[in-house]
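Here's a walk through a two-chain model, written for someone meeting this kind of thing early on. Have a look at the structure, then read on.

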Amino acid sequence: MNNDTDTNIKLRLSNSELWGGLIGLGLGGFVTWQALKLKLGTINDPGSGYVLFYTGILMCVFASSIIVSAVTEGGPTLASRWENVRWSKPLLVIACLAAFSFALEPLGFLLSSIPLMLLLLRLIDPVRWTLAIPVAVLVPSGMWWVLKRLLLIQLPSGLFGIG
Amino acid sequence: MDTLLNVAHGFGVALLPINLLYCFIGVFIGTLVGVLPGIGPISAMSLLLPVTLSGTPESGIIMMAGIYYGSMYGGSTTSILVNIPGEAASVVTCIDGHQMAKQGRAGPALGISAFGSFIAGTFALIALMLVAPRLASIAIAFGPAEYFSLMVLGLVVLTFLTQGSMPKALLMACIGVVLGLIGLDSITAQPRLTFGRMELIDGIGLVPVVMGLFGVAEVLLNTEQALRRDIINAKITQLLPNKEDWQASAGPVARGTLLGFLLGILPGGGAVVASFASYALEKRLSKTPARFGHGAIEGVAGPESANNAAAGGAFIPLMTLGIPPNVVMALLLGAFVIHGLQPGPLLITQNPGLFWGIVASMYIGNVMLLILNLPMIGMWVQLLKLPYNILFPLIILFTILGVYCSSNNVFDVYVMIAFGIIGYFMRKLGYEPAPLVLAFVLGPMLENNLRKSLILSQGDLWTFVQRPISAACLTLALLLLIAPLLPSLRKKRELVALDEGA
């Protein structure tokens, strides 16, 4: 399959435009449903769900328009969006951030941010260990010291009370 | 006479040592983020939004404004020397600026860019001083219907100018409105879309949303490619443009300034649109258009003046109507709100020190920028050599700390990481975050004004059409919504549609 057909596929599940539209439609439907659960009110006295309801309807309209255009005009495939790029790098950074978000409260700021920095320094475009370790340790520690000692901002200290 | 007295009062505020320091920090950081490709003024402003909490409102807003117009200056340095735009408004400067640098004329290119920016910035400030108080006195008469229609127009213009398909931009704007409405209803105090989470009762914060969508997502996108830099290594000499350069640049600077200022005032417009429009205008007016793209100084002078004038003009709708015309101004609105201030028609009369202090500081900031960008150009060139593999992890750490410090709440860090990931996938699928952020800020005001106008008019929708300003705004918005359906207008839209968020 040549590149043109690969990036302009109609009525295929791999069409990224179709998926974008479907997610939008789902979100629009969800917002409309949530708005209906709130009080819609009347045009004389709009309730809490009034604007949300019509915004949800508009979302469905725009998302449907994206879907129709994806079906009739085609669009790039999901794979082509990540063609010729180092797709693994952002995924690794996302994984690091997800791990950090789980570790932040139990481990505290210092114990979670030092490994995060070290991982990021080594994973994006590897920095040599002799530079990565001092940067990963000194920058979060320095920031922690400035915030905690100078600005008196309490950072999460975790179960071990470090930080 | 009143204006002169007010300006003197403003300089009294802006020249306070603490405000001078904040102004310097703002323009310095602005130049820094302008110089560094990959980080734009939006990321830097969102990163520093929590810092504004520590000082007075004047200091915080002076610093934030400094970052914005400072980045307009700094962006040209990278465009000229590296051929990578430091920020979106300098994209067009690459075309002729880098060619001039390759021909050994980096000095005059940087010089005319700095002088043009200074002239345009000064003009925009004088115009701001003259126009803003008059517009504010008119805006006092605006009712909720006018405000609602103006906000609708602002959102539609921004979606019209956003890169990609218009339904996508409109969908983003709707999502922004919904996100803005999360939390307690301001009229009935009923919780909306909180799903029983106490953290959502006050709504989602602007800082984590913007830092995620622009800061974290920007880093994720940049990690996809190894950034290669082709820096002009020759020593930069003769920064002052010669007589011929000035003769060639005088017209483009004047036209760019005027065009940029007018485009800056328009809701949804901004520095990016202004720089492209100025380049197109100069090429069209030139007797030798073939020189454009091969090192024509007019191609640097016009756009650089235009983007700085637009940066100044964009303050008018925010200061006089309380409506941010673009995402950067939405962030500035956030800084006002953090300090319990509401920009709008009453700001100038109720807080003259604040308004005139900000205006005067912008003038001082422009002078600082001229000094920072000409004699100190060598320092910025050295900065371009900073390795990104160290810079990106640092940005992530600063965003985490920035978000946490703005609310002392770990939940906001989770929100930022989530929006960072969402923002990355949004951009990969061609959904721009700018309409979402502007709608997120405008959403609660939009809802409030809509509900108020419906209650006041007892449900009569004609109230939006019977009022001339409201009718004009809605008509324009409708025309812009219909425009992409016409093939000729769709082509024109694609030409001007830009990535405002970069």
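Let's start with one residue, L438(B). Setting aside neighbours within four places in sequence, L438(B) is in contact with L155(B), L158(B), G176(B), P324(B), N326(B), V327(B) and A330(B). Keep in mind that all of this comes from a predicted model.

L438(B) also turns up in a bigger picture. The largest nonpolar core has 207 residues, and L438(B) is among those touching the most other members, together with M45(B), V210(B), L331(B), L332(B) and V437(B). Which helix gives the most to this core? That's helix 6 of chain B (residues 106–139), with 18 residues. Chain A joins in too: domain 1 (3–82) and domain 2 (88–150) of chain A both give residues to the core, so it lies between them.

Those two domains come from the domain assignment of chain A. Taken over C-alpha atoms, their centres are 37 Å apart.

Now for the place where the chains meet. Here 52 residues of chain A are in contact with 47 residues of chain B. On the chain A side, helix 2 (16–37), helix 3 (50–73), helix 4 (88–123) and helix 5 (129–150) each supply at least two residues. Helix 4 of chain A brings the largest share, twelve residues. What sort of residues make up this side of chain A? By class, 33 are nonpolar, 13 are polar and six are charged.

Back in chain B, helix 11 (residues 271–285) lets you try a quick check. With 15 residues at 1.5 Å a residue, helix 11 of chain B should span 21 Å, and its end C-alpha atoms are indeed 21 Å apart, so the two values agree. The buried residues of this helix include A271(B), F276(B), Y279(B) and E282(B).

So how confident is the predictor? Here are the two chains side by side.

| Chain | Mean pLDDT | Residues with pLDDT of at least 70 |
|---|---|---|
| Chain A | 86 | 92% |
| Chain B | 83 | 92% |

Some parts of the chains stand out. Over residues 1–6 of chain A the pLDDT is below 50, and this stretch has three contacts in the model beyond near neighbours in sequence. In chain B, confidence is lowest in helix 23 (residues 487–496), at a mean of 61, and highest in helix 8 (residues 166–180), at 93. As for the model as a whole, it scores ipTM 0.88 and pTM 0.78.

Notes
Residues numbered from 1 in each chain as written. Chains lettered and ligands numbered in written order. Predicted model: local features only at pLDDT ≥ 70, side-chain atom pairs only at ≥ 80, totals over all residues. pLDDT = per-residue confidence, 0-100. Helix = DSSP H or I, 4+ residues; strand = E, 2+ residues; numbered from the N terminus. Domains from an automatic or database assignment. Contact = placed C-beta atoms within 7 Å. Nonpolar A, V, L, I, M, F, W, Y, C, P; charged D, E, K, R; others polar. Core = buried A, V, L, I, M, F, W, Y, C linked by C-beta atoms within 7 Å. Buried ≥ 20, exposed ≤ 12 C-beta atoms within 10 Å, placed from the backbone. Expected span 1.5 Å × (residues − 1).
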